[in-house]
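This briefing covers a predicted model and groups its points by topic. Please read it alongside the sequence and the coordinates.

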Number of protein chains: 2
Amino acid sequence: MSSRLRAVVLLSGGLDSATTLALAAGTGFECYALSFDYGQRHRRELDAARQLAAALGATRHEIIGFDLRRFGGSALTADIAVPRDRREAELGAGIPVTYVPARNTIFLSFALAWAETLGSSDIYIGVNVLDSSGYPDCRAAYIDAFERMANLATKAGVEGQLLTIHTPLIRMSKAEIVETAISRAVPLELTWSCYEPQPDGAACGRCDACVLRRRGFAEAGHTDPLRYA
Amino acid sequence: MSSRLRAVVLLSGGLDSATTLALAAGTGFECYALSFDYGQRHRRELDAARQLAAALGATRHEIIGFDLRRFGGSALTADIAVPRDRREAELGAGIPVTYVPARNTIFLSFALAWAETLGSSDIYIGVNVLDSSGYPDCRAAYIDAFERMANLATKAGVEGQLLTIHTPLIRMSKAEIVETAISRAVPLELTWSCYEPQPDGAACGRCDACVLRRRGFAEAGHTDPLRYA
């Protein structure tokens with residue numbers, strides 16, 4: 001076994017999770033990147049995740065598959081239209097239809113399982129509250145509650161090896177995330193944020209994820225290398 | 001939509017989850033049974049779950065597939081021998097190798113997702129502490145922590161529709177579960193508990209699950225309709 005401590009890093013393939021992986025690796029962790037093929041309409045993000053895991057030096061990358069379309073209930077996993085061109089006030093108000101029920105809870109649960117089998121006490125997730133789309137499972141109170149639950153759930157927790165859920169981006173603006181990504185040499189051209197990939201491979205530029213990303217790059221004064229429709 | 005309240009019921013196909021489903025249905029809930037094909041060596045339990053869901057009147061039964069063998073770490077999902085013929089003192093001491101890391105957390109997370117899309121505030125799980133194999137994620141403190149987390153995780157929770165995780169068996173002995181199952185007309189011959197199904201279709205009779213089940217039937221003074229090797 002390596003002498004370095006291991007961390008499980010949730011990696012969607014977007015800007016935030018790629019930056020989180022770079023931060024975890026920069027802290028010295030041996031990183032185990034974890035992605036999910038859950039029936040998302042922007043499945044293209046998984047190609048991004050694969051390339052980012054390799055580029056950022058993850059020791060291993062696993063993609064766990066399951067079908068959240070069986071439950072539906074979200075614009076990302078059912079035939080519900082993804083909103084376009086929403087303004088700042090709309091982005092901050094309420095929970096949007098792109099919210100996927102309990103998604104982060106499912107993702108963190110798998111991360112917890114892998115952490116336990118790896119003997120790891122550290123999970124990284126790139127959630128972000130200040131500049132988010134109002135998802136309930138991106139808030140600090142939620143993450144704290146998950147951490148408390150996790151430490152009662154596992155053999156490691158029972159035996160005193162307490163788990164920490166790291167959320168290094170949680171209070172950053174999207175502009176700060178862009179700046180952090182650049183300072184950590186994240187290959188921005190490999191990251192994918194858009195919910196509605198276009199047939200020609202471009203990002204739509206109009207979904208909430210694109211709107212937030214583009215505003216972040218603009219505020220940070222950097223050029224987004226992605227091609228937009 | 002039906003006028004009855006909906007509950008999501010975790011259904012492994014074993015005696016405990018079948019009894020839990022019967023209790024939820026008896027309380028008046030419209031039941032949505034949820035099972036998992038996760039790479040368990042006793043995959044035969046899923047046939048039991050299908051038959052039990054139908055027999056006990058579940059409105060719908062979903063089986064979500066994913067591969068926990070990718071992580072390993074348990075006798076149920078890796079090439080680790082299932083212990084046999086353990087005595088009472090051994091059954092109560094420590095966490096056995098059949099513990100699957102974070103399994104109930106993963107199961108409850110999917111139940112949470114489905115509950116939210118169904119507009120349900122009630123999840124049933126047949127965990128049991130007094131007579132269990134020492135799994136950390138079967139204890140009341142764990143369930144309470146999951147419930148607190150869940151109410152911060154979801155849109156429903158944020159909007160005040162609080163979720164309850166029901167654990168009607170949590171303090172029952174296995175004999176009491178057998179008696180409850182019989183009083184609720186659970187078709188015991190359809191339930192499956194064994195971790196090591198035999199090639200001829202019999203239960204092994206020697207794994208922890210068989211040992212606990214047989215002791216429960218003996219203490220309750222009932223005949224177990226299952227065929228043992």
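The contact draws 36 residues from chain B and 37 residues from chain A. On the side of chain B that touches chain A, the elements giving two or more residues are strand S3 (60-65), helix H4 (103-118), helix H5 (140-153) and helix H6 (155-158) of chain B. H4(B) supplies the largest share, 9 residues.

**Contact and symmetry**

- By residue class, the side of chain B that touches chain A consists of 22 nonpolar, 8 polar and 6 charged residues.
- A turn of 180° with a shift of 0.0 Å along the axis lays chain B on chain A, at an RMSD of 0.0 Å.
- That relation is the one of a two-fold axis.
- In chain B, Phe66(B) has the C-alpha nearest the axis, 2.7 Å from it.
- Both copies use the same surface, as 100% of the contact residues of chain B recur in chain A.

**Strand S1 and its partners in chain B**

- Strand S1 (residues 6-10) of chain B is mostly covered, with 4 of its 5 residues buried.
- S1(B) runs parallel to strand S2 (residues 30-37) of chain B, and 5 bridges join them.
- Within this pairing, Arg6(B) has Glu30(B) in S2(B) as its bridge partner.
- The connection from S1(B) to S2(B) passes through helix H1 (residues 15-26) of chain B, and this β-α-β crossover is right-handed.
- S1(B) also runs parallel to strand S4 (residues 122-124) of chain B, joined by 3 bridges.
- Opposite Val9(B) in S4(B) stands Tyr124(B).

**Strand S1 and its partners in chain A**

- Strand S1 (residues 6-10) of chain A has 4 of its 5 residues buried, so it is largely enclosed by the rest of the structure.
- Over 5 bridges, S1(A) pairs in the parallel sense with strand S2 (residues 30-37) of chain A.
- The bridge partner of Ala7(A) in S2(A) is Cys31(A).
- A right-handed β-α-β unit is made by S1(A), helix H1 (residues 15-26) of chain A and S2(A).
- Strand S4 (residues 122-124) of chain A is parallel to S1(A) and joined to it by 3 bridges.
- In S4(A), Tyr124(A) is the residue opposite Val9(A).
- As a general point, side chains in a regular strand alternate between the two faces of the sheet.

**Helix H8 in both chains**

- Helix H8 (residues 208-220) of chain B has 13 residues and reaches 18 Å from first to last C-alpha, close to the 18 Å expected at 1.5 Å a residue.
- The buried residues of H8(B) are Asp208(B), Ala209(B), Cys210(B), Val211(B), Leu212(B), Arg213(B), Gly216(B) and Phe217(B).
- Gly221(B), just after H8(B), takes a positive phi of about 75°.
- For helix H8 (residues 208-220) of chain A, the 13 residues should span 18 Å at 1.5 Å a residue, and the end C-alpha atoms are 18 Å apart, which agrees.
- Buried residues in H8(A) include Asp208(A), Ala209(A), Cys210(A), Val211(A), Leu212(A), Arg213(A) and Gly216(A).
- After H8(A) comes Gly221(A), with a positive phi near 75°.
- In an α-helix there are 3.6 residues a turn, so residues three or four places apart point the same way.

**Individual alanines**

- Ala48(B) belongs to helix H2 (residues 45-55) of chain B.
- Is Ala48(B) buried or exposed? Ala48(B) is buried because 24 other C-beta atoms lie within 10 Å, against a threshold of 20 or more.
- Apart from neighbours within four places in sequence, Ala48(B) is in contact with Gly13(B), Leu190(B), Thr191(B) and Trp192(B).
- Ala48(B) and Ile106(B) are separated by 58 residues in sequence and by 21 Å in space, C-alpha to C-alpha.
- Ala102(A) has a phi near 60°, a positive value in a residue other than glycine.
- Ala102(A) sits in the loop between helix H3 (88-92) and helix H4 (103-118) of chain A, and is buried, with 29 other C-beta atoms within 10 Å.
- Ala185(B) likewise has a positive phi, near 60°, in a residue other than glycine.
- The loop between helix H7 (174-183) and H8 of chain B holds Ala185(B).
- Ala185(B) is exposed because 11 other C-beta atoms lie within 10 Å, where 12 or fewer counts as exposed.

How values were computed: Residues numbered from 1 in each chain as written. Chains lettered and ligands numbered in written order. Predicted model: local features only at pLDDT ≥ 70, side-chain atom pairs only at ≥ 80, totals over all residues. Contact = placed C-beta atoms within 7 Å. Nonpolar A, V, L, I, M, F, W, Y, C, P; charged D, E, K, R; others polar. Expected span 1.5 Å × (residues − 1). Pairing = 2+ DSSP bridges. Right-handed = clockwise from strand over helix to strand, strands pointing away. Least-squares fit on C-alpha atoms with pLDDT ≥ 70 in both.
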